Structures are given as structure tokens and as C-alpha cells.
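Q: Hi! I've just opened this one and could use some company while I look around. Can we go through it together?

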Amino acid sequence: METYVLFKDLAIILIFAKICGLIAGKLKAPQVVGEIIAGLLIGPSVLGLVEQTDFISGMAEIGVVLLMFFAGLQTSLKDLMRTGWKAFLIACSGVLVPLVGGYFLYCLYYGFAPSGTSEFYSAVFTGVILTATSVSITVASLQELGYLKSETGTTIMSAAIIDDVIGIIVLTFVVGMKDPDSNPGSVVLSTVLFFILALILGFVVYKLFTYLDKLYPHTRRIPILGMVLAFAMAYLAERYFGIADITGAYVAGIVLCSIQDSEYIARKVDISSYMVFGPLFFASIGLKTSIDEMTPSLLLFCILFVLVGLVTKIVGCGLMSKVLGFNAGDSLKIGVGMMTRGEVALIVAQKGLSVGMIEAKYFSAVILLILISSVITPIALKLLYGKKPAEKTA
């Protein structure tokens, strides 16, 4: 492939991603959905302007690492500690129920497969995709309604953060199980060792960055060193522990989320991600998504996938909220607030594709889930909250 063709591909991807992203925003849909559709339009399934190449795949992998690093930087450890065990238990239930629901959906639709087979891993990974939560739409809706800092609003935000942490750990474990040379014991050991290393190394790095932050506040060297940490942790995680590189990047973000310039680092990282690497990642998903394989059977599976994805979050988070003492109305609000999906679900699905756990055709189901949950959630929250007096703030 001639080098200059890469520039043509980049130009086409970025302009289509931007236009489709803006259109999606005007239609009140997540911008990432527009970027995915852009990839679908310019890919082999429709216009055939761009093909998936190793270069695009490599750039997309950088994009997903930066996205997870940014997500880690946006994590609030104070909020996690403040909401405590209630948010933790709600998050655990919000991971477990969709995981089980996704697994049984695949098995009931395609048949139960013996443990260790590719079909078994596909069933498990279908559940793993459903564990992710994205509350950006929920946060915007609650802010508009005036309930963002209410007890339910705070619980939703904190549970979503914990939900993603648990989801990444589950992803790490399942991906490790796919390795034919691995066994449950070695996967658990590798996961534990990685997080022990992350804890020790993270403390040292945190102290170092705190010191550098005082010497060179708001200077570009701080974000550059932060990105070095993200890429290094991504490499160490996958190379030496068999853990997904996105886990390492996410942990790197959490390590730096409490330093004084964490927001400054996040802004600088977001510039690179927003302008180039993010659109490339989401567009690459569209490039890989094949609508040529869409059959009535697959379409039915996509619809069931969306229904299971929505219901299991409401049931998992809502029932646990009720058990923990929330009334029925607030429990339903928490369940509904947790059912939106976004970029984390796409990142998880992309990782499943890269390790051979799912096929590209199932990206259609994930995209449909993100789109429908993003439209339904704000409407449902507005109906549930209505014009009632504001709740007591947490």
C-alpha cells in the first residue's frame, strides 16, 4: 500500500466522522453513534471509500487507549468513597444481572455450548458487553431536571463509576480465560498480581507526579508524561500479565485522577482523542461492521439484545436499590438511570473482536443498544421525576 493513500483514508474518515457526528448531535443522539455510522457508510458495506488496514487498526488502538485513560482521569475517588457500599452493591448487581442475561440470551438463541469452546466464549462475552454503563446522557438529563445532586443522582453517578471498574475487571478475566494456555487459577493470579503492581507502582507514580506538578504546574510536560504512563501501563498489562491493554490505560488514569493538574491532563488528552484518534476508533468499528450479513435471524437477535440490555440493568440496579432501602420510585429511577450504554460498551466489544470472542456482525446489536438507550433514558427519567419537589441532597 502506497504511503500517500493513508492520508486519503485519514481525510475521508475524519470529515465523514465529523459531519455524521454533528448530525447525530442535532438528532439528540450520541456523537459516537454518528462516527460509527460514518465508518459504516465509507466502508466496504456501502460506499467502499476506505478499507480497514493495519494502519487504521493501529491508530484505532491508540484511540481506545486514550479514551480509557481519559475515563480514568475523570474518575472521582472522593465520590467513590463518599457513596460507599450502597453504590458498590448496586454496581455489582448492575454487572452480574446483565452478564447472566446476555449469556443466556446467546445460549437460548444459538444453543448451549460446552465450556471452553468458541461458542461458549461468545455467549459469555455477549454478557460482558452488557455490563458496561455510560451515564453521560443520564447526567445531562438529571442536570436539566435539577436532580443531579439528589441522593438518587449521586448514587447513579457513583455506581456507574464502580460499574465500569468492575466491568473492566470482568473483561480482563474473560479475555484471560480465552488463552488456551491459561487456567482459572493463572488468570486470577495474573489479575491479582497486576493490580498489586498497579497499587505499588501507582503510589510511587502519584508521588512523583505530585512533585512534578508543583515544580511545573500547567506545563505541557505533565500531560506528555501522563500519556507515557498510559501507554506504558497498557503495554505492561497485556505483555506481561495477559490483561487487556485498556485496563492498564484505565488504571493509569485512576492513578493520576487526584493530582492537582488531572483536569489539565484530561483536557490535553481529550484534544488528541477528539480530533484524530477517537473518530478513527469509532469509525473503524463502522468499517468492521458488516450489514451484508444482516439476516432476519440476526435482526431478531439484535432486538432481543437491546431488550435484555435495557431490562437487566433496570432489574439488577433497581432491585438492589430496593433491598438497600430506597423506595420503589427511587429504585426505578436508579435502574433507568443506569441503563444507558456508550463508548465503554463499544470498547469492550472491540476487544472481544480483536481476541476472537465475537464476530463483527454483532456490532450492529451494540450500536442499536447505544442508540435506543440514549433516546429512551432521558424521556423515561423526565416521566419518572416529573415536577415533584427536589429530593434531599446527598
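Q: Which residues does S262 touch, leaving out those up to four places away in sequence?
A: In this predicted model, S262 touches L73, L256 and C257.

Q: And where does S262 sit, in which helix?
A: S262 lies in helix α11, which covers residues 262–288.

Q: Is S262 buried or exposed?
A: Buried! Its relative accessibility is 8%, and the cut-off for buried is under 20%, so S262 counts as buried.

Q: Staying with α11, at what angle does α1 pack against α11?
A: The angle between α1 (residues 3–26) and α11 is about 90°, and their axes are 9 Å apart. Angles from 65 to 115 degrees count as roughly perpendicular, so that is how α1 lies relative to α11.

Q: Which residues meet there?
A: From α1 you have L10, I13, L14, A17 and K18. On the α11 side they meet Y274, M275, V276, P279, L280 and A283.

Q: How many of the residues in that contact are nonpolar, polar or charged?
A: The contact of α1 with α11 has ten nonpolar residues, one charged and no polar.

Q: New topic: α5. How many of its residues are buried?
A: Twelve of its 14 residues are buried, so α5 is largely enclosed by the rest of the structure. Among them are F120, Y121, V124 and F125.

Q: What span should α5 have, and what does the model give?
A: Helix α5 runs over residues 118–131, and at 1.5 Å a residue it should span 20 Å. Its end C-alpha atoms are 20 Å apart, which agrees.

Q: What's unusual about the phi of H218?
A: H218 has a positive phi of about 55°, although it is not a glycine. Most residues other than glycine have a negative phi. You'll find H218 in the loop between α8 and α9.

Q: Zooming out, how many helices and strands are there in the chain?
A: There are 15 helices and zero strands. The chain has 394 residues, and buried ones make up 52% of them.

Q: What about confidence: what is the mean pLDDT?
A: The mean pLDDT is 81, with 88% of the residues at 70 or more. Among the elements, helix α12 has the highest mean, 92, and helix α6 the lowest, 64.

Q: Where does pLDDT stay under 50?
A: Over residues 388–394. Where pLDDT is low, the predicted coordinates should not be read in detail.

Note on methods
Residues are numbered from 1 along each chain as its sequence is written. This is a predicted model: local features need pLDDT of at least 70, side-chain atom pairs count only at pLDDT 80 or more; totals for chains, interfaces and linings use all residues. Side-chain values use heavy atoms; hydrogens and water are left out. Axes are lines fitted to C-alpha atoms, for helices over the stretch in contact, and angles run from 0 to 180 degrees between N-to-C directions. Helices (H or I, at least four residues) and strands (E, at least two) are DSSP runs, numbered from the N terminus. Angles under 35 degrees count as roughly parallel, over 145 as roughly antiparallel, 65 to 115 as roughly perpendicular and the rest as oblique. Contact means heavy atoms within 4.5 Å. Ala, Val, Leu, Ile, Met, Phe, Trp, Tyr, Cys and Pro count as nonpolar, Asp, Glu, Lys and Arg as charged, and the others, Gly among them, as polar. The expected span of a helix is 1.5 Å times one less than its number of residues. Buried means under 20% relative accessible area, exposed over 50%, partly exposed in between (1.4 Å probe, protein chains only). pLDDT is the predictor's confidence in each residue, from 0 to 100.
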